[in-house]
Amino acid sequence: MSSSGSESTPELPAKRPVDLREARDAVADTAGAGQRVLLRGAGTAQSWGGPVRDAAAIIDTTGLDQILAYNPADMTVAVGAGIALRDLQAKLDGQRVALDAARVPEGATVGGLLATGDAGPLRATYGTLRDLVIGVTVVLADGTVARSGGHVIKNVAGYDLAKVLSGSLGTLGLVVEVVLRVHPLPEATGTLAVVCDVPTAFTCASGLLASPLEPVAVEWYAGRLLVRFEGTRAGVTTRMGKATDLVREDSGLAHGGADVLDGAGESAAWDEVADVVRGAPGDTVLRVGSRASDLPDLAARLDALATDHDIDATLTSSVGIGVHTVRIRGDEAAAHAAVVAAWRSAVLERGGSVTLHRRIAGLDDLVPSWGPAPATLPLLRALKTQLDRDNRLGPGRFAPWY
């Protein structure tokens, strides 16, 4: 069976473990039966990568939703991988997991966020979830329990499991428990919104990121560069004032070209960015990695393609680190496919990467989920063979690579 390109999950027999022992037994049972398995948290990323095909069972982690240990003084929390990050954030006392992925409001789980390698604009300062992981417990495809970080039971040939599993999309192991670093909640936040085109945004962002002002997020979206600051109220106010002066100096923008957002206005601006990243039924969404300096050329190429094919293509970009998301809307699958293929080619020519996160119905028949295999493919295949020799976990997710 297939999970197809939609957000639906195939109706298959599901196991829902509630602790490590049950998770180990669930994986071991499917291994003993030779079953191919779809590993699933809240299901918010089931459309990422290629469709999972020929799975005979689901292992659902949402029963692993406990806080196992919380030490505010040490700024660490250990949780079951199936806990929704939004629920975990609500239970932390004046602290947070510094992750703002767009899927968090939808109930994305800690394990799912690690397996997808997902993150939001705060990645510019805090990285993705793997950068916040202190330790992880995983059940491998044969039922072996492995841990890295903390008290090691088995180190799996020296692998850093958090980094190995990040972006693996449920194809290398079942994440069961995660120990995370947490950070204090900021006293205040504020966002500077600079109206500008992409080349000007890149110039401004480069200047801000090289300055001592330390913005926590710098994102270009819908004709505005959004620059977010966190800290004390006085500190945020002072740094936004200095950032405004720097932006005007770097860009030549006239007075009034930069607005200060706070409260509801600030939340609304960042919510709009998240809406693009999530997409909606009927959209095609691409996540792209490139050199940060490639943004102006890639944005211009995308605009031209959208005009040529009479569709809407919306870009949002974490400017300083070269992570971009494109949401395509309008017309039929053929137009989406033409834009995906041409823009993917432009990204790959510059040494970048493209992951398909969502697709319009029928797109899978017209364009592959993945582009040409990377030079690291032999290493990826060797890792897959070592951790899942029989290709039981998430079969098809990385097809045709393996």
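Biologist: What makes E4 and E5 a hairpin in this predicted model?

Modeller: Strand E4 covers residues 67-71 and strand E5 covers residues 76-80. Four residues lie between E4 and E5, and the two strands pair in the antiparallel sense. In the turn, methionine 75 has a positive phi of about 60°.

Biologist: How do you know that E4 and E5 pair?

Modeller: Pairing requires at least two bridges found by DSSP. E4 and E5 are joined over four bridges, so the requirement of at least two is met. Isoleucine 67, for instance, stands opposite valine 79 in E5, and the bridge partner of tyrosine 70 is valine 77 in E5.

Biologist: Why are E4 and E8 said to stand at the edges of the sheet?

Modeller: The open sheet has five strands in the order E4-E5-E9-E7-E8, with antiparallel pairing. E4 and strand E8 (145-148) each have a single partner strand, so one side of each is left without a neighbour in the sheet. From one strand to the next, the twist averages 10°.

Biologist: Why is histidine 183 called buried?

Modeller: The term buried applies under 20% relative accessible area. Histidine 183 has a relative accessibility of 18%, and therefore counts as buried.

Biologist: Where is histidine 183 placed, and which residues does histidine 183 touch?

Modeller: Histidine 183 lies in strand E10, residues 183-184. Leaving aside residues up to four places away in sequence, histidine 183 touches Met75, Gln95, Arg96, Ala98, Tyr126 and Leu132. Among these, Met75 is the methionine in the turn between E4 and E5.

Definitions and conventions:
Residues are numbered from 1 along each chain as its sequence is written. This is a predicted model: local features need pLDDT of at least 70, side-chain atom pairs count only at pLDDT 80 or more; totals for chains, interfaces and linings use all residues. Side-chain values use heavy atoms; hydrogens and water are left out. Buried means under 20% relative accessible area, exposed over 50%, partly exposed in between (1.4 Å probe, protein chains only). Contact means heavy atoms within 4.5 Å. Axes are lines fitted to C-alpha atoms, for helices over the stretch in contact, and angles run from 0 to 180 degrees between N-to-C directions.
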